[in-house]
Amino acid sequence: MKKDPQIKEENDKVENNEIKKGFFKKVWYSIDKIEKYSELSAEGFGRAIKYLGILIIILAIISSVVTVYNTSLEVKKIAEYINEKSPELTYSDGILQIDSPEVITDDSSNFGKIIIDTKTDSEEQINQYKEKVNEEENAIIILKDKLILKDIGTNGTSEYNYKELFKEVGITEFNKQQLVEYLKGSNMMPLYLNLFLVLFIYAFVIYFINTVFYIIAISVVGYLVTLILKLKIRYVAVFNMAVYAITLPTVLNMLYLIVNAFYRYTISYFDVMYILVASIYMIAAIFLLKSEFNKKQGEVQKIVEVEKEVKEEMKEKQEEKKEEKQENKDTKKKNKKEKTKDDNENGQEPEGSNA
């Protein structure tokens, strides 16, 4: 059965329209075409959330890749440090042994303060080590059965049991050389892949929740602006516009993460800038809508005035036609009367008379 050419043409138009409004086209519109916000918002809440989801997925992927990349660099630095500075060591059945009679203390530019003591079982001694690194930005405490880490991004310290840590990668024993080769080799790829998956899920959930919070805040500001401007717009439409307004700050966040992967650079008050840029886009879009509404209202007013003039002209013409018809009737009656009078004066019988 052959398809109707007209139906096929309409389907082609719909498909072309979908392509024109694809994800990357929407990103471009959201950043460079603020006047398109009303058009994007009109597509509905569902498509706005779908767009936001894709945007957050890309952000989560970049964040996870950057974190895994930085982790791999740190692991390689750890391998080099162990190879160059660590004494001989062996690991078996969850216990790490280092060939050193004394506690090893070192200050590293990469890892901060390092304390190695695989002899002690004293909780009091371990607590003293924790207090010693409390003021440090980064620190590592290596004990016989666990690893204690402190970094600038966490409050306090994090503890990792060797048996649980190495069990996930299938390691039960090793020596110094085997550990260095493992950390530098391709055997770490499954670990990095698992780390990426965990980080991606975590990053997606956190970024999505935070971004929705920002969008709600921006949309409330936008809705208040519409009330001030006396512009009747539903809140859901303002919310949809806020979704697209968050695009540029999110893209800047992606670039910020990528730059930080190679250069340690911190932007103060990035969150303030994030919400400020989105709010500016939101307010600008609303003012454009108000301007467009006023323009259309003016055009409608002109059309109403023209229609009023046309109606008045038509009414005048109708009255003129009525007057003209009445005049014609009066003229005909007058002519008829005059003719009857003339016939009577001339002694002629009226037509149809038997007299």
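This report describes salt bridges in a predicted model.

Local features are reported at pLDDT of at least 70 and side-chain atom pairs at pLDDT 80 or more, while totals for chains, interfaces and linings use all residues. Residues are numbered from 1 along each chain as its sequence is written, and side-chain values use heavy atoms, leaving out hydrogens and water.

The structure holds eight salt bridges. A salt bridge is a side-chain nitrogen of Lys or Arg within 4 Å of a carboxyl oxygen of Asp or Glu. The table gives some of them.

| Lys | Acidic partner | N to O distance |
|---|---|---|
| K26 | E43 | 2.8 Å |
| K113 | D107 | 3.2 Å |
| K146 | E159 | 3.2 Å |

K26 forms a salt bridge with E43. K26 lies in helix α2 (residues 23-32) and E43 in the loop between α3 (37-41) and α4 (45-85), so the pair ties together parts 17 residues apart in sequence. Helices (H or I, at least four residues) and strands (E, at least two) are DSSP runs, numbered from the N terminus. Both K26 and E43 are buried. Buried means under 20% relative accessible area, exposed over 50%, and partly exposed in between (1.4 Å probe, protein chains only).

E159 and K146 also meet in a salt bridge. Because E159 is in strand β7 (residues 158-161) and K146 in strand β6 (residues 146-150), this pair ties together parts 13 residues apart in sequence. E159 is partly exposed at 40% relative accessibility, whereas K146 is buried at 15%. A network of salt bridges links K130, K146 and E159.

In the pair of K113 and D107, K113 is buried at 12% relative accessibility, and D107 is exposed at 55%.
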